[in-house]
Amino acid sequence: MKPASFDYVRAESAEHAVQALAAAGGDGKVIAGGQSLMPMMNFRLVKPSVLVDINRIPGLDAVQMRGDRIVLGALVRHRMTATDMLIQKHIPVLHHAMKHVAHLTVRNRGTFCGSVCHADPAAEMPMMSLLLNGAVHIVSPRGERTLAAQDFFVGSLVTALEPDELVTEIEIDTLPAGTGWGFEEFARRHGDYALAAVAVTMQRRDGVASDVRIGLMGVGEMPMRAPQIEAMLEVREIDAALLDEAIDALRASLEPNSDLNASADYRRHLAGVLARRAISDAWARAEKGAAA
Ligand SMILES: Cc1cc2nc3c(=O)[nH]c(=O)nc-3n(C[C@H](O)[C@H](O)[C@H](O)COP(=O)(O)OP(=O)(O)OC[C@H]3O[C@@H](n4cnc5c(N)ncnc54)[C@H](O)[C@@H]3O)c2cc1C
């Protein structure tokens, strides 16, 4: 199918972009990589009257260190995130997760920030921004604001963004040296959206786990953390009994939807299988990290 007709604005700056969005009176859409927006427009699931193209705005395509955090500009493509040396060194769990995202052509266009703004509950980048305590920087005609990732996601494909707001960058944690990590995903074919995925990071100090983080996707309306399970593992040695207890508690806490791809029961079971592997991997890597 073809999209409904629309006007097109090529923004020269962030200010220009938000002015054009404001002038569209709530009916404008930012286009970054277009890898989610264009299919939705082609199916006429969205019919913006104005497309505001941010691809020519200078300065938005960098991955940079800011203190001990990493900042991804609004035009950082998936391919850049997947190959960037800072990310590979300081956030290996994100480097690994990017291997599961889509196919080469999509990765060449799609952006980290665009994926977070699209807020698909089965997409890797929203989950990773939650796991890494993401801060979403936003501009609008009213000025600037920053939202924590956990306040940014409001529902499936729904965020706290107003129609005249532009995300300029997302800031995420780096992980201290020696941090253990695990990432497990199940998709029917490599590069497809996943049925479910789990990402875990932790450190190991004096033989017990600390700073445990668990992110999940594909098992709810939004990407999520599992604070109850994180707390269960904190300051404990992760042995088989504790792992069993944690996986049972995780499954009991989830309320996935049934859809064409999988039943709720299947997704709940799958999340437990993936979490068991990801937690075990993170614990094993943390042991090596502690010994190094
Ligand atoms: C065949 C195929 C397979 C895919 N597989 C996967 C996969 O396995 N995992 C995965 O995570 N994704 C997958 N995707 C989606 C892909 O990652 C998209 O690139 C991503 O979801 C959106 O990024 P984008 O830059 O293309 O955003 P766009 O499509 O340009 O925009 C998406 C939405 O975000 C808004 N937006 C974009 N940037 C901004 C901004 N800076 N400020 C405010 N609003 C903004 C747009 O208005 C729109 O509503 C797949 C896509 C395709 C076509």
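I started with helix 8 (residues 124-131), which lies across strand 12, strand 13 (208-217) and strand 14. Helix 8 runs at about 150 degrees to strand 13. For such angles, axes are lines fitted to C-alpha atoms, for helices over the stretch in contact, and the angle goes from 0 to 180 degrees between N-to-C directions. Contact is counted when C-beta atoms, placed from the backbone, lie within 7 Å. Helices (H or I, at least four residues) and strands (E, at least two) are DSSP runs, numbered from the N terminus.

I noted that helix 12 (residues 264-291) also packs on the sheet, touching strand 11, strand 12 and strand 13. Its direction makes about 30 degrees with that of strand 12.

Housekeeping: this is a predicted model, where local features need pLDDT of at least 70, side-chain atom pairs count only at pLDDT 80 or more, and totals for chains, interfaces and linings use all residues. Residues are numbered from 1 along each chain as its sequence is written.

Next I looked at the sheet. It is open, with 4 strands in the order 11-12-13-14 and antiparallel pairing; strands pair if DSSP finds at least two bridges between them. Strand 11 (180-186) and strand 14 (224-225) are the edges, each pairing on one side only. I found 7 bridges joining strand 11 to strand 12 (residues 196-205), and Phe183 has Ala199 of strand 12 as its bridge partner.

Last, the ligand. I listed 32 residues around it, the closest being Gly33, Gln35, Gly110, Gly114 and Ala123; a residue counts if its C-beta atom, placed from the backbone, lies within 6 Å. Helix 7 gives the most to this shell, with 5 residues.

Technical notes: Contact = placed C-beta atoms within 7 Å.
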